[in-house]
Amino acid sequence: MGSMTGRSGLPPTVDVLIVGGGATGAGILRDLAARGLHCLLVEKGDLASGTSGRYHGLLHSGGRYVARDPQAARECIAENGILRRIAPACIEDTGGLFVATPDDPDDYVDTFPDRCAAVGIPCDEESLARLFRREPALNRGIRRAFRVPDASLEPWQLVEANLLDARERGSLALPYQQVVGVDRNGGFLSGVSIADTRSGSVERIMPRIIVSAAGAWAGRVAALAGVSLQMSPGKGTMLVYNQRMTDSVVNRCKPPSDGDIMVPVHTVAILGTTEIAVDDPDGYEVTPAEIVDLVAEGEKLFPDLRRMRILRAYAGVRPLYDAAEVAGPAPDGLPAGGADRAISRAHVIIDHEARDGVSNFVSVVGGKLTTYRLMAEQAADIVCAKLGVDLPCTTADEVLPGQSPNRGYYWLGDRLADHEATGGGDAALICECELVTRPMLEGFLAERMPCSLDDVRRSTRLGMGPCQGAFCTFRAAGVVAAMAPDGSDTTDAAAAEEALVAFLRERYKGTRPIAWGRQLQELWLSTGIYWGVLGLDAFAPAALQPPIAATVDDGPG
Ligand SMILES: Cc1cc2nc3c(=O)[nH]c(=O)nc-3n(C[C@H](O)[C@H](O)[C@H](O)COP(=O)(O)OP(=O)(O)OC[C@H]3O[C@@H](n4cnc5c(N)ncnc54)[C@H](O)[C@@H]3O)c2cc1C
């Protein structure tokens, strides 16, 4: 069945088509493939380039939800334990802290340990002496601190490991393939049109069941099937700092709000988030006002934050689901409400047979990356019941492929140690900050060409370190140029320029909102080099959208 594929690699028929290549879609593909079904996952961009590739990076212990959403807290701590078993290489076991700053309410702080105990989250109070010894950058006004099993979770590796497992069992996952049409015959979806977003060609395939794991875009996919599904996308902005001022995830001990979590991720630390309702999950920008708010809140955790360098800002869109919009009864205990922190972070699996009379359509909405596996299991159970497959879920027990044992705290040197272990020699570093070697880059390109430098970044972390691609971008573009798609070794200058411009534009989007003071001077300098020295007209001042501010003021940075 899997060997018969169309021009773009699409099979004409599959058991299940999964729409969306984030953590949820990848988890569903893995689960169904393990139960013997032949499935296809399609993703309109690069794999994990939606919210899963733009999130905060926290493997929740559940502590954040103990007061308002105990069910979500229970699910988090259970999945936290499972992911540590099945995906150790994707997790840095930083541990987590909930700290009471002078601004945090006493009643919340005092009841926090009991609330954790009630939902099964290990929570130990830490002495202040030990706290400040281990985390010297924290605010000395902190009154109490509790340790919980939060951690840092790498999304791209996790998605890739799920997809690899599914591929090894005969299923397929294809990037740059967008579902653009669905044929509906009464209560049955009989075909799906899929467009190759790079060539524009469209093919039709006939899956037996369609599962939408399209996150914040789930309403649009449902509309293609003639079904109404009201999502309330919520934009969250985060700031990347050029250093790890903390070894642990640090949360404020108070009801969730803006700027109250710092997560150490690889070589950097990320402060987040905001929460702002948006109409369009593709049409949003990070505003300077959000940066000001985040820094002001973050300072309550780390008083020196204003003097630390922000590398960039980025945002993702929460796939929030507004149960109040659903025709018929609201699914299990979900509150009604607008697109803000009042909407539950719990997930909902919608069987459109029961809700809308469409027998072969299922949507997965809401949730968190931490609970992706559970969401996948529940969606797969519904699909299997529809297809008469009577095999249990195995994803909580079977370790994902490529999971070397957890090595404790992140150490950049592991990459070179791996290089040495496999023979050593000249590592030919392309990216010094993240130690991306030329063989790593060439290996990725050989597998994934044609692809963008941004795709390279997601898989290798090229350009994500403290210099933000100031040097490696140009080296990597040269390597791309030397790998002509026809396999010849002639250098393709146009390909290099296209790759370079696309990558630098994406980076500009993240550095423009944080450009105050010296950062602003640096932005003028770098865009001046791109335009004046390299001749990249996309960086001429008049071409830059949004434009760079003309004056250097003090700002928050
Ligand atoms: C700011 C922010 C911070 C967060 N922090 C955390 C955190 O620290 N910990 C945590 O556990 N969770 C966190 N979350 C939540 C978590 O990121 C999401 O719940 C999770 O990533 C959603 O994964 P997903 O696979 O459902 O959606 P996505 O990753 O968005 O995947 C859906 C995919 O569907 C694709 N798609 C859409 N339409 C189509 C189509 N027509 N055809 C083909 N493909 C299509 C999209 O391109 C997208 O890639 C955060 C969310 C945000 C916004």
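This report walks through some salt bridges and one surface patch of the structure shown above. Please keep in mind that the model is predicted.

**Salt bridges**

Let us start with the charged pairs. How many salt bridges does the structure hold? There are 44. Three of them are set out here, each with the distance between its N and O atoms.

| Acidic residue | Basic residue | N to O distance |
|---|---|---|
| Asp 381 | Arg 35 | 2.9 Å |
| Glu 92 | Arg 244 | 2.8 Å |
| Glu 126 | Arg 147 | 2.9 Å |

Take the pair of Arg 35 and Asp 381, whose closest N and O atoms are 2.9 Å apart. These partners connect distant parts of the chain, with their positions 346 residues apart: Arg 35 sits in the loop between helix 1 (23–34) and strand 2 (39–42), while Asp 381 belongs to helix 9 (residues 372–387). Is Arg 35 buried or exposed? Arg 35 counts as buried because its relative accessibility is 4%, under the 20% cut-off. Asp 381, with a relative accessible area of 36%, is partly exposed.

Next come Glu 92 and Arg 244, whose side chains meet at 2.8 Å, N to O. Here too the link joins distant parts of the chain, 152 residues apart: Glu 92 is in strand 4 (residues 91–92), and Arg 244 is in the loop between strand 13 (234–241) and strand 14 (249–252). Glu 92 has a relative accessible area of 7% and is therefore buried. Arg 244 reaches 22%, so this residue is partly exposed.

The last pair in the table is Glu 126 with Arg 147, bridged at 2.9 Å between the closest N and O atoms. Since Glu 126 lies in strand 6 (residues 124–126) and Arg 147 in strand 7 (residues 144–148), the bridge ties together parts that are 21 residues apart in sequence. Both ends have low enough values to be called buried: Glu 126 has 8% relative accessibility, and Arg 147 has 15%.

Beyond such pairs, which residues are joined into one network by salt bridges that share partners? They are Asp 46, Arg 448, Asp 454, Asp 455, Arg 457 and Arg 458.

**A nonpolar patch**

Now for the surface. Leu 525, Ile 529, Val 533 and Leu 534 make a nonpolar patch of about 380 Å². One of these residues, Ile 529, is part of helix 15 (residues 517–533). Why is Ile 529 called partly exposed? Its relative accessibility is 39%, and the partly exposed class runs between 20% and 50%.

How values were computed. Residues are numbered from 1 along each chain as its sequence is written. This is a predicted model: local features need pLDDT of at least 70, side-chain atom pairs count only at pLDDT 80 or more; totals for chains, interfaces and linings use all residues. Side-chain values use heavy atoms; hydrogens and water are left out. Patches are made of residues with over 30% relative accessible area and no salt bridge: like charges are joined within 9 Å, nonpolar side chains (Val, Leu, Ile, Met, Phe, Trp, Tyr) within 5 Å. Accessible areas come from the Shrake-Rupley method with a 1.4 Å probe; for residues, only the protein chains shown count as cover. A salt bridge is a side-chain nitrogen of Lys or Arg within 4 Å of a carboxyl oxygen of Asp or Glu. Helices (H or I, at least four residues) and strands (E, at least two) are DSSP runs, numbered from the N terminus. Buried means under 20% relative accessible area, exposed over 50%, partly exposed in between (1.4 Å probe, protein chains only).
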